[in-house]
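The following exchange sets computed values against the definitions behind them.

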Amino acid sequence: MVIDPLPLQVAAELFPNGISRYAIGGLLVGLGVTVIYLGTGISAGASTFLESTLSYVSDQSRFQQYVTSRDWRLVFTLGIVLGAAVYAVVYQGGAWTTDVQPWRLLVGGVFVGIGTRVGKGCTSGHGVCGVGSASKTSIVGVLAFLTVAIVTAQVVAALGVSP
């Protein structure tokens, strides 16, 4: 049997540093959302973090629905940020930096926020928890996220936009 080298070449281009770090990261994410679900009965999505954080300072009922789960959401989000910081220091030798202009990061953040609202959740909630629980809505959502991301990346590359 002859093995076609093309898939291996494509994988090497897509993952020049190997796939182990992604596999380990995926396993840790899966473990984390499992622990949160088993401990709280709540799917661990990050998009409700802002609303749950606002429950500390606002009496509006929209934000108060998260009072019982806001503490773990705060720890969850801090874990994401601190995990990225530790990774950058340990494996990249310093803080993460980007050449992307600040205004583009801001506009991108606004678009992500709007998409999260329209999609009724974020990629972590739909992609990890929703797809993991075979939610049809989440599967459709993730397909939509990926399609828009791929098309956007292709358009930006075709236009020659740089950071």
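The questions below concern burial, the nonpolar core, a helix span and annotated regions.

This is a predicted model, in which local features need pLDDT of at least 70, side-chain atom pairs count only at pLDDT 80 or more, and totals for chains, interfaces and linings use all residues. Residues are numbered from 1 along each chain as its sequence is written, and side-chain values use heavy atoms, with hydrogens and water left out.

Q: Why is S69 called buried?
A: Buried means under 20% relative accessible area, exposed over 50%, and partly exposed in between (1.4 Å probe, protein chains only). S69 has 3% relative accessibility, so S69 counts as buried. S69 lies in the loop between α4 (61-64) and α5.

Q: What makes up the largest nonpolar core?
A: A nonpolar core is a set of buried Ala, Val, Leu, Ile, Met, Phe, Trp, Tyr and Cys residues joined through side-chain atoms within 4.5 Å. The largest one has six residues: V33, I36, A44, W72, F76 and C129. Two or more of them come from each of α2 (20-40) and α5 (70-92); helices here are DSSP runs of H or I with at least four residues, strands are runs of E with at least two, and both are numbered from the N terminus.

Q: How do you know that the length of helix α6 agrees with its expected span?
A: The expected span is 1.5 Å times one less than the number of residues. The 17 residues of α6 (residues 102-118) should therefore span 24 Å, and the end C-alpha atoms are 24 Å apart, which agrees. Just after α6, K120 takes a positive phi of about 55°.
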